[in-house]
Amino acid sequence: MGPFGDRSAGGPQRRRGLKFWPILLFLGYLGYYYLSHQQEASYTGRKQLIDTTAEQEAALGLQSYRQILQESRVVTSGDLPQQVRAIAQRLIEAAPKVEQYLAQTANMPASTDWGAFDWDVSVIESDQVNAFCLPGGKIAVYTGIIPVAKNSDGLAAVMGHEIAHALLRHGGERMAQQKLVQIGTMAASMSVGEMDPQQQRMVMAAIGAGAQYGVLLPFSRDHESEADKVGLLLAAAACFNPQEAPRLWERMAQLGSQKPPEFMSTHPAEATRIQQLNAWMPEAEQVRQHFCAAPAR
């Protein structure tokens, strides 16, 4: 401090505040990105942002799949792998049929790049109550899900959901979303660069929370609901009983594991999923009747 209260002999201190040009640049890029990387999702017609090809996503999926199998105990003997593969095959064969059915009855786009899919199915010995299908069609079912699925119809609901994630290219969409969030965070960091450190931390924490709870988590929950619906239709078209899907989530809810509130979660709550599945059930029953000519059990 100088003798008259000024902070330096060289003149007044430069004012620290918010710079708007990085934000404006980011908003301009966001507009360009949105317009140039927008497409209609197959099966649903929803607008989605993707800047990778299905082949690129499949290559990443194959890399992850191989790594997971190397680090896991893969079940190769017994009846279970054959049963899981048989269910997967029925769902895979139903997928293009459902796409064409929706294109004809609901004017949905039929834009799946089937050449990017090289399906493979594995069963992994694990207590995890889970399954996955990576981009490109690499499917794994953990043995921990088998008692909860309870029967072939329940397992078809699980696997149909996971296959739907791959068909809808949710992995590529999440990569695009994360890219935008990272660029937006960089722009925000540049904008607050001249603020004092405490203000910077407060602003960046608020931006991070806003991105997490206002963008990433809602998108993730929307993806899960979208996969629930398409997976339900796949199971119905493959002549499984779609009524087993809400029953599956009733059993999942009975597991009693600690879970965060829905707005803090990547997945909808079980009650939400059950409600949605029951709301979609009439359409699933129509699909089953169309492809199987038999009522649900």
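A residue is called buried when its relative accessible area is under 20%, and in this predicted model that description applies to 42% of the 297 residues of the chain. The chain contains nine helices and six strands, and it exposes about 16000 Å², of which carbon and sulfur atoms supply 54%. When contacts between residues at least 6 apart in sequence are considered, 72% of them join residues at least 24 apart.

Among the strands, β4, which covers residues 120–124, can be described through its surroundings and its partners. Four of its five residues are buried, and β4 is therefore largely enclosed by the rest of the structure. Strand β3, made up of residues 74–75, is joined to β4 by two bridges, and these two strands run antiparallel; within this pairing, V75 stands opposite V123 of β4. Strand β6, made up of residues 138–142, is joined to β4 by five bridges, and in this case the two strands run parallel, with S122 of β4 standing opposite A140 of β6.

Turning to the helices, H161 has its place in helix α5, which spans residues 152–167. The relative accessibility of H161 is 7%, and because this value lies under the 20% limit, the residue counts as buried. When residues up to four places away in sequence are not counted, H161 touches E224, A227, D228, G231 and R273.

Helix α6, formed by residues 170–191, has 22 residues and reaches 31 Å from its first C-alpha to its last, which is close to the 32 Å expected at 1.5 Å a residue. Its buried residues are H170, G171, G172, E173, A176, Q177, L180, V181, G184, A187, A188 and S191. In reading such a list, it helps to recall that an α-helix has 3.6 residues a turn, so residues three or four places apart point the same way. Residues of α6 that are buried include A176, L180, G184 and A188.

Helix α8, residues 244–253, and helix α9, residues 270–292, have axes that come within 9 Å and cross at roughly 170°. Because angles over 145 degrees count as roughly antiparallel, α8 is roughly antiparallel to α9. Where these helices meet, α8 contributes A245, P246, W249, E250, M252 and A253, while α9 contributes E270, R273, I274, L277, N278 and M281. R273 of α9, listed here among the residues that meet α8, is also one of the residues touched by H161.

Notes:
Residues are numbered from 1 along each chain as its sequence is written. This is a predicted model: local features need pLDDT of at least 70, side-chain atom pairs count only at pLDDT 80 or more; totals for chains, interfaces and linings use all residues. Side-chain values use heavy atoms; hydrogens and water are left out. Buried means under 20% relative accessible area, exposed over 50%, partly exposed in between (1.4 Å probe, protein chains only). Two strands pair if DSSP finds at least two bridges between them. The expected span of a helix is 1.5 Å times one less than its number of residues. Contact means heavy atoms within 4.5 Å. Accessible areas come from the Shrake-Rupley method with a 1.4 Å probe; for residues, only the protein chains shown count as cover. Axes are lines fitted to C-alpha atoms, for helices over the stretch in contact, and angles run from 0 to 180 degrees between N-to-C directions. Angles under 35 degrees count as roughly parallel, over 145 as roughly antiparallel, 65 to 115 as roughly perpendicular and the rest as oblique.
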